[in-house]
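Student: I would like to learn how to read a model of this kind, feature by feature. Where should we begin?

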Amino acid sequence: MKSSSTIVLEAHEITKSYNEKRVLDNFSLEISSSDFFVLMGPNGSGKSTLMSILAGTNPMDRGKVMILGHDISHDELKARQHIGYVPQQHFCSDFLTGRENLQYFADLLGLSKSQAKKRIPQLLQMMGLEDDADRNVREYSGGMKKKLEVATALLGDAQILFLDEPSTGLDPNARKEFLMLLKSINEQGTAILLVTHIGEDAEIANRVGFMLEGRIVAEGTPQKLKEMSGVKSSIILDVIPRTDELLLLLGGISNDCIVIERNESIELSCEEPNEMVPLIMDKLQRSGFNMRSIETQPPSLEDIFYSLTACPIGGEVA
Amino acid sequence: MNILSQIRASFVRSMRIFTRDKAIIGSSIMLPIFFLLVLPLVLFQNVPAEYMPLTRGFLVIAMITLLIMSTAISNLPGSIAADRDHDLYSKLSSMPVHPVYECVGRIITVFVFSAFGSVIVLLLGFVLGAQYNVTLIDIPLILGIASVITLTSVGVGLIIVGFTKSESAAAHVGVAIVMFIYFLGIAFPYSELPELLRPLVHVNPICVGNNMIAALAIGEDFIGYNPFNIIDLTTMLTLTGLVICVGLYIYSKYCWKR
């Protein structure tokens, strides 16, 4: 395990424009080896451009990026040895097996035969791909391809992984499994910087940044951001009969609760939902209403992003 | 940075793709074989029987040149463009990998794959009755000239992929250029070409190289001129050097750039 105080990435005042449109505006960021940092932002906020600059694949107009003290612009060979980059697109060849793809990247990195012979099976096992290692990548699911790509990023001495929208196209189960895998990689001492527009991806991070128009507009742990935003948790109710009396009753339970009537259910936005639930159940029972289901729902990071930036994360920056 | 391991990695990967992709095998190897079987029945019906073996020999040489061109001018840029579309170059750009060494691996693939296909076409030519007047001393020279043809073709292929945006554009532009070169300087002996087209042969290293091999293997009389003159030789080597250098530069700058 590496020291949690090791600064792996230092990005200072990165500026980048395309055709006079400023995409990154004096962007700065510092990441240590224990960080799992998720950068959330809508399409066009500069996330992928930032990722490509930090990974050393795109020059910046101004600024500095240091990977473990090596400047990505002037000492690129040394800096790149510590980077593991996973672009958004699937880059492993469909004509090769998983093992052959890993061997290709191992050879490119200059791993010796014995090093590769040891490391490749280790990574295949870590990713749960050992049984599929000798199948062509074209037969892999989206989740398997993404895991293979992460494995290619871990072949060398990567101290930080850069992942560009890695869960796009994955079904919910595959996404969950993939994020847990990233979490375990992070816990073994590899820093992670992940960019996404999906709020769920950020829930397991220890640091989340909201990005808009080329800069970070808010940053903190998921919990801290939720507290900053003031967005309340919700209680979702399915009650019959649905009458005006019911809505009045629910509205009168607490001044802090906001009642929202939806097609399939009623939503109560409350400060302390867990304390409100027994109160609501008791009131409804006494009033003769039939409560079919009740559940609490914490605010999503997408809701919090919108509340802090007034920009929907599923939208696009003009 | 281990230069040899980067070259080897790129070569092994490309070679696997080339030998597993049916489209590449079809267009590079099967098509020349098809032409070798069909063209004599269609185009050479009026050739006297005593000249047929040499005519078949000429056709085999032309088909080998076609094979090399298909591999290097169409399939190589198509393969590179496919990798670019899949963001492989973003990944490679983030690694301590040198574009030129990675490209050398791909170039070696073109050489090996073309050599493999050429042997098949050559053997088939012998089975069909092709005849050559080649001595042992000519073989290294023929191989050297074939290497120059391959290098020129690779250079053209790298230039194509630098300026085309997609896999299909790269492959289609490559096919068009292959056909253009083939019909304007390789398909027919120099003496059979219209006067207007003959100067084009002299400024095309691929056509000059093809004629050199044909002159060595079949005879100058068949071709209609001596391609081993100082002007053609100098032009061929200079243009080959220029095209491959420009191709490598364009590949490094435009394919590896996001």
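Student: Are the two faces of strand 6 (residues 83-86) of chain A buried or exposed?

Tutor: First, the ground rules. This is a predicted model, in which local features need pLDDT of at least 70 and side-chain atom pairs count only at pLDDT 80 or more, while totals for chains, interfaces and linings use all residues. Residues are numbered from 1 along each chain as its sequence is written, and chains are lettered from A and ligands numbered from 1 in the order in which they are written.
A residue is buried if 20 or more other C-beta atoms lie within 10 Å of its own, exposed if 12 or fewer, and partly exposed in between, with C-beta atoms placed from the backbone. In strand 6 of chain A both faces are covered: A:Ile83 and A:Tyr85 are buried on one side, and A:Gly84 and A:Val86 are buried on the other.

Student: What does strand 6 of chain A pair with?

Tutor: Helices (H or I, at least four residues) and strands (E, at least two) are DSSP runs, numbered from the N terminus. Two strands pair if DSSP finds at least two bridges between them. Strand 6 of chain A runs parallel to strand 7 (residues 160-164) of chain A, and 4 bridges join them. A:Tyr85 has A:Phe162 as its bridge partner in strand 7.

Student: How many helices and strands does chain A have, and how confident is the predictor in chain A?

Tutor: Chain A has 11 helices and 14 strands. Confidence is given by pLDDT, which runs from 0 to 100 for each residue. For chain A the mean is 87, with 96% of residues at 70 or more. Among its elements, helix 3 (residues 98-108) has the highest mean pLDDT, 97, and helix 11 (residues 301-309) the lowest, 75.

Student: Which backbone angles in chain A deserve a second look?

Tutor: Most residues other than glycine have a negative phi, and most peptide bonds are trans. A:Asn19 has a phi near 50°, a positive value in a residue other than glycine. A:Asn19 sits in the loop between strand 1 (7-18) and strand 2 (21-32) of chain A, and is exposed, with 5 other C-beta atoms within 10 Å. A:Leu68, also not a glycine, has a positive phi of about 50°. Its loop lies between strand 4 (62-67) and strand 5 (70-71) of chain A, and A:Leu68 is partly exposed, with 18 other C-beta atoms within 10 Å. As for peptide bonds, the one joining A:Ile240 and A:Pro241 is cis, with omega about -5°. A:Pro241 is in the loop between strand 11 (233-240) and helix 9 (244-251) of chain A.

Student: How many helices and strands does chain B have?

Tutor: Chain B has 11 helices and 0 strands. Its radius of gyration is 18 Å, close to the 18 Å that the globule rule gives for 258 residues, so chain B is as compact as a globular protein of that length. That radius is taken over C-alpha atoms, and the rule is 2.2 Å times the number of residues to the power 0.38. Buried residues make up 49% of chain B.

Student: How many residues of chain B are in contact with chain A?

Tutor: Two residues are in contact if their C-beta atoms, placed from the backbone, lie within 7 Å. By that test, 22 residues of chain B are in contact with 24 residues of chain A. The largest share of the side of chain B that touches chain A, 8 residues, comes from helix 1 of chain B.
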